[in-house]
Amino acid sequence: MSERLPKIIDGQSSYPYFYDEIDERIHMHDVGKRHLTTLIMPLIPSVNSGYDILTVNKYEKDKIKTKLRGAKFDDEKTKRHDVFGGHITEDDLTDDDKKSSAILYSTAEKQALRELSEELLMYNNSDELVNSEPDKKRLVYIGDYDYNNGRNNEMSSLFCYICDGIEKNFVGKDDYIENDIKKDVYLSTTILSLSYLIALNKKKNDKSNTMICDGLGRLLDDSIGICDVIISQCKAKGFDITLN
């Protein structure tokens with residue numbers, strides 16, 4: 001499994017584009033260059049049976065970023081469901097990555113664990129908000145998924161994280177760039193069934209206050225069959241789960 005993830009080919013270069021963390025966020029989406037990201041979908045055991053999906057609401061982050069661009073923001077879409085994750089930047093690459101014909105699986109796995117630790121927070125016994133401490137054994141590689149809307153051109157390596165309990169008060173944390181400075185923003189989370197999210201994704205132009213963001217949305221197309229893929233990959237790693 002040392003070279004699970006294929007190298008990104010942009011049609012010109014045989015190597016993907018990587019920048020440092022600040023330039024990555026500024027330039028990648030502006031120029032539409034193909035790049036690597038990780039996506040992490042936490043699976044939460046339901047009170048009754050099966051597992052649901054923990055989504056993060058990107059409303060506050062989207063509002064800030066849109067206003068920084070001087071663009072009009074759609075305030076009506078107050079529920080913006082997405083998964084966790086982020087870009088693999090130049091700083092994340094190892095010497096073995098740079099020498100190899102592929103981005104190493106271990107690099108993507110390490111990045112996924114780091115992103116989840118930073119972006120998924122919870123309250124401890126002292127009611128303090130702290131970073132989660134994900135267990136590597138509970139992280140399951142699902143597959144690689146392309147996305148290109150003209151501006152954002154990326155391949156995302158999806159991981160699921162099998163959470164071990166339901167009695168947790170989760171908070172999301174993300175960041176944005178303002179004047180070349182990275183700033184944090186805290187986000188609400190929601191536990192929803194995968195079947196509900198798939199149905200919601202089919203109603204792209206409805207008038208409700210809910211929408212699916214592109215990180216999650218690219219996984220919910222019927223052609224992917226994400227439910228069966230998740231169940232199969234989790235079972236291969238010893239987690240015999242069902243999804244609601």
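This presentation walks through one predicted protein model, from its confidence to its sheet, its helix packing and a cluster of aromatic rings.

Residues are numbered from 1 along each chain as its sequence is written, and side-chain values rest on heavy atoms, with hydrogens and water left out. As this is a predicted model, local features need pLDDT of at least 70 and side-chain atom pairs count only at pLDDT 80 or more, while totals for chains, interfaces and linings use all residues.

I begin with confidence. The protein chain has an average pLDDT of 83 (the predictor's confidence in each residue, from 0 to 100), and 84% of the residues reach at least 70. Over residues 1-17 the pLDDT stays under 50. For that stretch the model has 46 contacts (heavy atoms within 4.5 Å) beyond four places in sequence.

Next, the open sheet. Its 4 strands follow the order β8-β7-β11-β12, with antiparallel pairing. Here helices (H or I, at least four residues) and strands (E, at least two) are DSSP runs, numbered from the N terminus, and two strands pair if DSSP finds at least two bridges between them. At the edges are β8 (129-131) and β12 (181-187), each of which pairs on one side only. On average, neighbouring strands of this sheet are turned by 35 degrees against each other, direction ignored. Strand β7 (residues 120-123) is joined to β8 by 3 bridges, and Leu 121 stands opposite Asn 131 in β8.

Two helices meet these strands. Helix α4 packs on the sheet and touches β7, β8 and β11, its direction making about 45 degrees with that of β7. Helix α2 (residues 59-68) lies across β11 (170-178) and β12, and runs at about 10 degrees to β11. For these angles, axes are lines fitted to C-alpha atoms, for helices over the stretch in contact, and angles run from 0 to 180 degrees between N-to-C directions.

Helix α4 also leads to the aromatic residues. Rings of Phe, Tyr and Trp (its six-membered ring) pair if their centres lie within 6.5 Å; planes under 30 degrees apart count as stacked, over 60 as edge-to-face and the rest as tilted. By this rule there are 4 aromatic pairs. One of them is edge-to-face, because the rings of Tyr 105 and Tyr 141 have centres 5.6 Å apart and planes at 90 degrees. Tyr 105 belongs to helix α4 (residues 105-119) and Tyr 141 to strand β9 (residues 139-148), so that this pair links distant parts of the chain, 36 residues apart. Tyr 105 is buried (under 20% relative accessible area; exposed is over 50%, partly exposed in between; 1.4 Å probe, protein chains only) at 9% relative accessibility. Tyr 141 is likewise buried, with a relative accessible area of 9%.

Tyr 105 and Phe 159 form a tilted pair, 6.2 Å centre to centre with 50 degrees between the planes. Phe 159 lies in strand β10 (residues 153-162), so this pair ties α4 to a part 54 residues apart in sequence. Ring pairs thus link Tyr 105, Tyr 141 and Phe 159 into a cluster.

Finally, helix α5 (residues 194-201). Its buried residues are Leu 194, Leu 197, Ile 198, Leu 200 and Asn 201. They lie on the same side of α5, because they cover an arc (of the directions from the helix axis to the C-beta atoms) of only 165 degrees around the axis. Among the elements they pack against are β3, β4 and β14. Of these, β3 (residues 51-57) and β4 (residues 79-82) run antiparallel, joined by 2 bridges, whereas β4 and β14 (residues 210-212) pair in the parallel sense over 3 bridges.
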